[in-house]
Amino acid sequence: PSSERGVGGMGWGGGMEPGLWGSSPRFGGGVGLKALRLPSWGWPTVEALLGVLWARDEFEGLFKQPAESVNQYISDPKFMERTLKLPGTQPLEVLEAVNKSLVSERPRSWADCVGWACRHWHCQYSNNIRQLLHNFPPHQKTNSGTLFWSGPKRCPHPLTFDESNPLHMDYIMAAANLFAQTYGITGTRDVGAVAELLHQVQVPEFTPKSGVRIHISDQELQNANASVDDSRLEELKSSLPNPEDLQSFRMYPIDFEKDDDTNFHMDFIVAASNLRAENYDIPPADRHKSKLIAGKIIPAIATTTAAVVGLVCLELYKVVQGHKRLESYKNGFLNLALPFFGFSEPIACPRNKYYDIEWTLWDRFEVQGVQPSGEEMTLRQFLAYFKSEHRLEITMLSQGVSMLYSFFMPPAKLRERHDQPMTEIVTKVSKKKIGRHVKALVFELCCNDDSECDIEVPYVRYTIR
């Protein structure tokens with residue numbers, strides 16, 4: 001028989017719930033392992049940890065927050081009023097980001113996105129470091145006579161861009177593609193084509209700025225945040241385009257997803273953090289460790305993990321021996337610090353019924369979205385399929401939090417959606433593109449039977465690839 005295991009561990013505590021296919025509830029409402037954790041000896045260094053966290057903040061600050069602010073600026077009449085009421089330097093930071101996104105750094109083509117990525121690389125890993133060393137030279141001493149760059153403060157060095165360096169090109173490829181995605185511009189994976197575009201990019205010569213204040217303590221940063229440059233705020237407000245002239249324009253914020261290796265997210269994190277590490281002569285972190293940090297996975301104590309695995313193996317023996325009764329299996333919970341070991345019997349999952357068909361949460365409707373002709377099923381065909389194949393009249397259809405169809409939908413909107421492919425409706429309603437790694441979508445249904453009574457039915461697994 002098929003089975004799954006729900007496993008979790010944190011610190012001294014852990015637990016395991018066996019799930020016999022079709023008999024018991026799924027662990028935590030999900031499928032498969034609930035958590036996979038590193039033993040304590042596999043945790044990365046503090047330097048690697050800080051580098052990846054810095055790259056995660058960089059990701060949010062470049063590809064998510066500015067796009068969200070721009071969309072709010074266009075759609076919310078009170079955006080400016082609310083922004084100016086934010087504490088400290090937040091109003092300045094938000095308006096600077098909006099100004100860059102709509103005015104000074106707005107791309108019009110893929111070549112512009114590559115140019116932006118190249119200039120940003122020079123800003124982060126060369127120019128900013130040179131400015132820092134201009135303010136605090138390598139041999140500068142503090143008032144007490146000790147070297148400024150000593151103890152926990154590592155003296156950095158600027159990097160020189162080299163298109164033959166794979167790490168440098170990884171950054172350009174990831175940053176340019178992600179930046180393009182926020183504007184709905186199509187990118188490319190052709191490294192050679194990007195290298196050709198780089199030859200056309202003009203990078204301004206770096207000149208150290210005088211009067212730049214770099215905060216070297218939390219207290220200095222706090223004091224700086226207490227004051228805002230009102231003249232700069234007014235300048236930014238006047239430079240922004242009128243929201244009414246941008247009603248047809250929108251940006252696409254990117255939510256970080258570490259488990260899709262084709263979306264450039266982890267490519268950016270690994271390249272950005274390792275370039276930062278190179279600035280400070282810190283050993284780089286590999287992709288696996290970077291993914292663990294970026295995903296905020298917390299390490300468990302090795303002995304706890306071993307004990308939980310032992311509990312799982314006890315239940316696996318029963319599966320191999322062919323036990324079919326749910327009562328033969330046990331949930332296991334432990335805390336090695338007390339010590340405590342507890343066992344309980346799994347509960348059976350609820351059974352439901354429509355017509356003469358009995359089902360549980362382990363069941364689902366399987367629908368092939370792509371027809372033999374190669375065309376995708378439309379909403380009209382989807383509704384007709386359930387009417388003819390399952391004698392079910394769909395009254396409401398949703399995907400996640402997005403309502404795709406309902407019987408009370410305005411007639412004009414209903415006519416528009418009836419002949420649209422299902423994935424097109426999902427993309428339009430959710431305002432999110434379907435990733436290339438997504439093989440199937442999950443739909444939830446509300447249905448009526450032949451007597452027009454509302455009935456509960458399983459969810460739909462709608463295969464698109």
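Is L338 buried or exposed? L338 is exposed, because its relative accessible area is 62%, and on this scale buried means under 20%, exposed means over 50%, and partly exposed is anything in between (1.4 Å probe, protein chains only).

Before the close-ups, a quick note on what you're looking at. This is a predicted model, so local features need pLDDT of at least 70 and side-chain atom pairs count only at pLDDT 80 or more, while totals for chains, interfaces and linings use all residues. Residues are numbered from 1 along each chain as its sequence is written, and side-chain values use heavy atoms, with hydrogens and water left out.

**Strand 3 and strand 4 make a hairpin.** Four residues sit between the two strands. Strand 3 covers residues 331-335 and strand 4 covers residues 340-344, and they pair in the antiparallel sense over five bridges. (Strands are DSSP runs of E with at least two residues, helices are runs of H or I with at least four, and both are numbered from the N terminus; two strands pair if DSSP finds at least two bridges between them.) To find your way along the ladder, start at N331, whose bridge partner in strand 4 is S344.

**F333, L338 and F340 form a nonpolar patch on the surface.** Together these three offer about 310 Å² of accessible area, worked out by the Shrake-Rupley method with a 1.4 Å probe, where only the protein chains shown count as cover for residues. L338 is in the loop between strand 3 and strand 4. (Patch members have over 30% relative accessible area and no salt bridge; nonpolar side chains, meaning Val, Leu, Ile, Met, Phe, Trp and Tyr, are joined within 5 Å, and like charges within 9 Å.)

**R189, R436, K439 and R465 gather in a positive patch on the surface.** Look for R465 in the segment after strand 12 (459-463). Lys and Arg count as positive here and Asp and Glu as negative, with His and the chain ends not counted; each charge is placed at NZ of Lys, CZ of Arg, CG of Asp or CD of Glu.

**Strand 7 and strand 12 run side by side in parallel.** Five bridges join them, and one handy marker is Q368, whose partner in strand 12 is T463. In a regular strand the side chains alternate between the two faces of the sheet. You can follow that pattern along strand 7 (residues 364-368): F365 and V367 point to one face and are buried, while R364, E366 and Q368 point to the other and are not.

**Y355 and R391 each have a positive phi.** Most residues other than glycine have a negative phi. Phi of Y355 is near 50°, and phi of R391 is near 55°. Y355 lies in the loop between strand 5 (352-354) and strand 6 (357-359), and it is partly exposed at 26% relative accessible area. Its C-alpha is 9.4 Å from that of I455, although the two are 100 residues apart in sequence. R391 is in the loop between helix 13 (379-390) and strand 8 (393-399), and it is partly exposed too, at 43%.

**R232 and E96 meet in a salt bridge, 3.0 Å from N to O.** R232 lies in helix 9 (residues 230-239) and E96 in helix 4 (residues 90-104), so the pair ties together parts that are 136 residues apart in sequence. R232 is partly exposed at 23%, and E96 is also partly exposed at 23%. A salt bridge here is a side-chain nitrogen of Lys or Arg within 4 Å of a carboxyl oxygen of Asp or Glu, and that rule gives a count of 20.

**R287 and D261 meet in a salt bridge, 3.5 Å from N to O.** R287 lies in helix 11 (residues 287-294) and D261 in the loop between helix 9 and helix 10 (265-279), so the pair ties together parts that are 26 residues apart in sequence. R287 is partly exposed at 30%, as is D261 at 45%. Zoom out a little and you'll find D261, D267, R287 and K291 linked in a network of salt bridges.

**R351 and E358 meet in a salt bridge, 3.6 Å from N to O.** R351 counts as exposed, with 51% relative accessibility.
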